[in-house]
Amino acid sequence: AASADSVSGLSSLKRSLACFASQFSMAGAGKKRKQAADGSRGDKQQKRDANAAEAAADDACEDEPCEDLGELEEEGEEELADAEAEEEAEEEDGEGDGQPTAQRIWRPGVDTIEEGEQLDVEPGTYDMLHRAQVEWPCLSIDVLRDDLGAQRASFPMTAYVVAGTQAKEASDNRVYMMKWSKLYKTSKDGKDSDDENDGDDSDDESDDDHEAVLESKGAAHPGGVNRVRSMPQAPHIVATWADTGKVHMWNLQSHRKALDRPAERAPLSQKPIFTCEAHQDEGFAMDFNPHDTGRFLSGGNDGRVLLYEPVQGGWSAGADAPFLSHQGSVEDVQWKRLGAGSNNTFASCGSDRTLRVWDARDKNRKKSAVSVSDAHGADVNVLSWSPCVAELIVTGSDDGDFKIWDVRHVGAGPMANFLWHNKPITSVDWHPTDETVLAVASDDNSVSLWDMAVEDDRAEGAEEVPGESHFPAQLLFLHMGQQDPKEVKWHPQLPSVCITTAGSGFNIFKTCNI
């Protein structure tokens, strides 16, 4: 059976995507997106690495400062002797009768795993892949900006992350500041030595000898954390939406500093610096203004959006003047990232199936500046403004589709509509520097990476690998292996690095084709 922690990437070779092929006990070869296609449909079969598809708990490492956060795991290098012997036998049989082994691309949600079959990671599909197991699942994460450099492409990498837990007992919940360091390349994990270039030994010679490190500092949190956000201008200021119906602000400066200074100790008991109790129910929607320091939004299941203005000693939550147009829960809210009026413009979406754009300066807060009724056929769960093209928004829905909108021309309908996932969309995020690339997380246990600029260049009547037509040309990569993925974020300072959180823990990865 397929491993519950297997991770898969996806590609059509001719369209230069990164792929996992299921050919019974064989994995197909993947190619980088920019690499020229050579017309081959993967006749070359590569040996598989079973442990590249599942987390290696025994290889995990945990730094002393970690508190109840489990282990950060790297891909292992075990071999399945029986499986390899079977593959070699299949190759010999194919050579004997002149017939190559049939290939087919695995189609999640369509194909089934038969007895004796399993899905494997194609070695080299990821430039980097690390995992962190946690004691309690986290519904939400945010990436902290740091001062280590703007665009850091070299390995090993370091990332700072904040997350909040959903523990079984309310008293066990925490908001964590985390530092993930020694994040080395894992692209050679699972490759046979025969496949590697002897001339490259000096370049990555010690990669496999290093273990990634997770350090964490936690603060007790009153209730479960529905969502967490860090202030861009001051990353140690963190907001949390609690399942108690309250919005809290935290100053975690001592926790952040302690991650880099082992001698310093963060307080075990931390109180929020501000709490808003104006919502009448819990919620998930919240966002800090990226332009005006301290301005903040929260949206709840009570259908209201509150605008927080910073004042001396805290915030004024504006409870007496909420934004009211949604006829149901407000599921997500986000400030515009760039362009005209971006410091006063934000978007919201909700269970009433609408997408709305607001001007915070408008005195009439009962009517949005832009409204898209029936933006989706079900609840609109998430949205994301493009950080590169000012007027573009992507939205994701309960019916499994995501759409791209130009807010200047919503009457014309969405610019793009992709109904590919078969379960609700739980998170969407635009790539911070590539205007056509975005990430989508779904309840179907997958995270997909897309490039809207890719066109289907297959010649009419050209031979296809069985199953290839299931995947749109714009689908660059399919990341699998996490159970119940809840949020995906691109790291703004690590080019094309994704961080995900799920019921089964965290993943941080960089694919070979983006």
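# Exercises on a predicted model

In this predicted model, 57% of the 514 residues in the chain are buried.

**Exercise 1.** State how many helices and strands the chain has, and what share of the contacts with a separation of 6 or more comes from residues 24 or more positions apart.

Solution.
- Step 1: the chain holds three helices and 32 strands.
- Step 2: among contacts with a separation of 6 or more, residues 24 or more positions apart account for 62%.

**Exercise 2.** Describe the largest pocket by its volume, its lining and the classes of its lining residues.

Solution.
- Step 1: the volume of the largest pocket is about 840 Å³.
- Step 2: its lining comprises 37 residues, and those nearest the centre are Asp 142, Arg 145, Arg 337, Asp 429 and Lys 489.
- Step 3: two or more lining residues come from each of strands E5 (138–144), E9 (225–231), E13 (283–288), E18 (330–335), E22 (380–385), E26 (425–430) and E30 (485–490).
- Step 4: sorted by class, the lining has 18 nonpolar, eight polar and eleven charged residues.

**Exercise 3.** Place strand E18 in its sheet, giving the strand order and the strands at the edges.

Solution.
- Step 1: the sheet is open and has four strands in the order E18-E19-E20-E21, with antiparallel pairing.
- Step 2: E18 and strand E21 (370–372) are at the edges with a single partner strand each, so each has one side without a neighbour in the sheet.
- Step 3: from one strand to the next, the twist averages 15°.
- Step 4: E18 and strand E19 (residues 345–350) run antiparallel and are joined by five bridges.
- Step 5: within this pairing, Asp 332 has Cys 349 of E19 as its bridge partner, and Val 333 stands opposite Ser 348 in E19.

**Exercise 4.** Is strand E18 largely enclosed by the rest of the structure or left open?

Solution.
- Step 1: a residue counts as buried when its relative accessible area is under 20%.
- Step 2: six of the six residues of E18 are buried, so the strand is largely enclosed by the rest of the structure.
- Step 3: the free side of E18 noted in Exercise 3 concerns neighbours in the sheet.

**Exercise 5.** Locate Pro 466, classify its accessibility and give its C-alpha separation from Ile 105.

Solution.
- Step 1: Pro 466 belongs to the loop between strand E28 (446–451) and strand E29 (475–480).
- Step 2: the relative accessibility of Pro 466 is 47%, so this residue counts as partly exposed.
- Step 3: Pro 466 and Ile 105 are 361 residues apart along the chain, while their C-alpha atoms are separated by 6.2 Å.

Key: Residues are numbered from 1 along each chain as its sequence is written. This is a predicted model: local features need pLDDT of at least 70, side-chain atom pairs count only at pLDDT 80 or more; totals for chains, interfaces and linings use all residues. Side-chain values use heavy atoms; hydrogens and water are left out. On a 1 Å grid over the protein atoms alone, a cavity is a set of points where a 1.4 Å probe fits but cannot get out, and a pocket is an open set with protein on both sides within 12 Å along at least five of seven lines; lining residues have an atom within 4 Å of a point. Grid points are joined across faces, edges and corners, and a volume is the space filled by probe spheres set on the points. Ala, Val, Leu, Ile, Met, Phe, Trp, Tyr, Cys and Pro count as nonpolar, Asp, Glu, Lys and Arg as charged, and the others, Gly among them, as polar. Buried means under 20% relative accessible area, exposed over 50%, partly exposed in between (1.4 Å probe, protein chains only). Two strands pair if DSSP finds at least two bridges between them. Axes are lines fitted to C-alpha atoms, for helices over the stretch in contact, and angles run from 0 to 180 degrees between N-to-C directions. Contact means heavy atoms within 4.5 Å.
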